[in-house]
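Dear colleague,

I am passing on the structure we spoke of, and I would be grateful if you could look it over alongside the notes below.

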Amino acid sequence: MTKTYWVIGVVLLVVLAAGFIAYRSSGPGAFGCTDCNVIIIGVDTLRADHVHSLGYGLNTTPTIDALAAKGYTFSNAIAPASWTVPSFMSVMTGVYPSVHKVINKFTVFTPTEETLSNLKALAPTVVTLAEVMKGAGYATGGFTGDAGVSGKFGYAQGFDVYTDEKTFGGFENSDQHALAWLDSLSKGQKFFMFFHGYDLHGQFPLGEQTFVPQNYQGSYTGSPAEEARLREAQLSGPITLTAQDVDFWKGVYDSKIRSADDQLKNFLSQLESRGLLKNTIVVVVADHGEEYYEHGGFDHGHALYDELIHVPLIIAVPNTLGGTTITGQVSTMDLGPALLSMLGVTAPAAYASQTAGRPNLLSYLKNPDKAGYTVYSETDYRDFTHKRAIRTADGWKYILTLESGMEELYNVATDTEEKNNLAKDPAAAAKLKELHEALLTHMTKDLHADPSAPMTQGCLPVYQGECQ
């Protein structure tokens, strides 16, 4: 009799385990969510290694962590660029910056002529995710902090409503517009939203000083003006910061992260009270990180080290268990096709064509152990520097600075801080040649760029009044 009970118990465990696996991998809707809304929360300037649920020691992100506990976290998500203007445009189009060509705020900036970059003018055939969603019958709303995601650059393309009236605006401002818009929609109207804030940015004022070192004796106060001076100074030559200065600025940054997280808590609570979270896919993604002197620099855009391109990416899907970390390396620019697959939206030919051949992140939700893939990143920051990078799934990273020809090679699997440049190491010569050739092939084939073309250094402003 005991043996019989034992056999029955084993059978029940097998059945329950099978059911759990089926639910986890398929779940209600099998990761499909045809009646779902979508909210992409763009947390500007958030580097992955300052997110608590991704291993950071300070409790900077309790709200984001709670979302990750219900969702799917890509712990090795890499941004296609290291600053806002090109990076979020790649998320919204699924193509590289060199393809959509919105790589700086201006295409021309001289004493007599100023021409803003604009997606429709620079890449008229490129389709945005908002256009696809609008064409599928979704109401589309974008609520942003202007600056690098200004509608003038083409970010408003496909949105019914797009707010960007406050430059370097934060989540609190975006929240007011977003909730008013949601309340104006007809009952049952499906929606697609881009919800964005600059709360972490150096040009956003410091509020609560939760993590600012109390014993700091240096001269900095953490103001946007100081941050801008450091950012501009590095364009002329090396800057000097003490260890105390660096700790102070990181404390300012962490404090801003926590304040932004509190704002997100309020926003998600408002969605919950409206009954929207039960049928809304929520994505948290950053456009880039921030350097605090790890490689002698400050701010972002000027380099392609991991503190600038390794970013958080979390997807929370209703009616799935979530709480899963996906370690395979992916690119944030591949988010769009995954969302369309989950929604059951057939992409129009133009969008399908421009994203053809790119990985679909939905396959990682279904198989979290799936191997990652090689990703590319680039920056043409303000025409001051032109860099291209390739990062392999097994942990090799190669950076080429086009205007100088400087090469950098790192084994980021063992050298996580990218301190040991192996470009001149004879033992790494074969890997250097392999990645160099792969990058040049990528540039000529996928980016339609001529790597032999001379690249010059200039200076395009990040806002009116600079570089004149």
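The notes that follow go through the strands, helices, cores and disulfide in turn.

Please keep in mind throughout that this is a predicted model.

I begin with strand β1, which covers residues 37-43 and has 7 of its 7 residues buried, so that it is largely enclosed by the rest of the structure. The burial applies to both faces of β1, with Asn 37, Ile 39, Ile 41 and Val 43 on one side and Val 38, Ile 40 and Gly 42 on the other. In a regular strand, side chains alternate between the two faces of the sheet. Strand β1 runs parallel to β8, to which it is joined by 6 bridges, and within that pairing Ile 40 stands opposite Val 283 of β8. Strand β7, residues 191-197, is likewise parallel to β1 and joined to it by 6 bridges, with Val 38 standing opposite Phe 192 of β7.

Ile 40 and Val 283 appear again in the largest nonpolar core, which has 71 residues and in which they are listed, together with Phe 74, Ile 281, Ile 315, Leu 339 and Leu 365, as having the most contacts. Helix α11, residues 335-343, gives the most to this core, with 6 residues. To take one of the core residues in more detail, Ile 315 touches Gly 71, Tyr 72, Phe 74, Ile 281, Val 282, Val 283, Leu 335, Met 342 and Leu 365, where residues up to four places away in sequence are not counted. Apart from this core lies another, of 46 residues, among them Ala 68, Leu 241, Ile 257 and Ala 286. As a matter of general background, nonpolar side chains in soluble globular proteins tend to be buried together.

Ala 68 also belongs to the buried residues of helix α2, the others being Thr 63, Ile 64, Asp 65 and Leu 67. What do the buried residues of α2 pack against? Their partners are β2 (72-78), α9, β8 (280-285) and β11 (310-316). As for the helix pair, the axes of α2 (residues 62-70) and α9 (residues 243-273) come within 7 Å and cross at roughly 55°, which makes α2 oblique to α9. The contact is made by Pro 62, Thr 63 and Ile 64 from α2, and by Arg 258, Asp 261, Leu 264, Lys 265 and Leu 268 from α9.

Further along the chain, 4 strands form an open antiparallel sheet in the order β14-β15-β16-β17. Because β14 (375-379) and β17 (407-411) stand at the edges with a single partner strand each, one side of each is left without a neighbour in the sheet. From one strand to the next, the twist averages 15°. The antiparallel pairing of β16 (residues 396-401) with β17 extends over 5 bridges, and in it Trp 396 has Asn 411 of β17 as its bridge partner. Helix α14, residues 429-445, lies across β14, β15 (387-391), β16 and β17, and runs at about 60° to β16.

Finally, there is the matter of cysteine pairing. The count comes to 1 disulfide, which joins Cys 33 to Cys 36 with an S to S distance of 1.6 Å; Cys 33 and Cys 36 are both buried.

With best regards

Terms used: Residues are numbered from 1 along each chain as its sequence is written. This is a predicted model: local features need pLDDT of at least 70, side-chain atom pairs count only at pLDDT 80 or more; totals for chains, interfaces and linings use all residues. Side-chain values use heavy atoms; hydrogens and water are left out. A disulfide is a pair of cysteine sulfur atoms within 2.5 Å. Buried means under 20% relative accessible area, exposed over 50%, partly exposed in between (1.4 Å probe, protein chains only). Two strands pair if DSSP finds at least two bridges between them. Helices (H or I, at least four residues) and strands (E, at least two) are DSSP runs, numbered from the N terminus. Axes are lines fitted to C-alpha atoms, for helices over the stretch in contact, and angles run from 0 to 180 degrees between N-to-C directions. Contact means heavy atoms within 4.5 Å. A nonpolar core is a set of buried Ala, Val, Leu, Ile, Met, Phe, Trp, Tyr and Cys residues joined through side-chain atoms within 4.5 Å. Angles under 35 degrees count as roughly parallel, over 145 as roughly antiparallel, 65 to 115 as roughly perpendicular and the rest as oblique.
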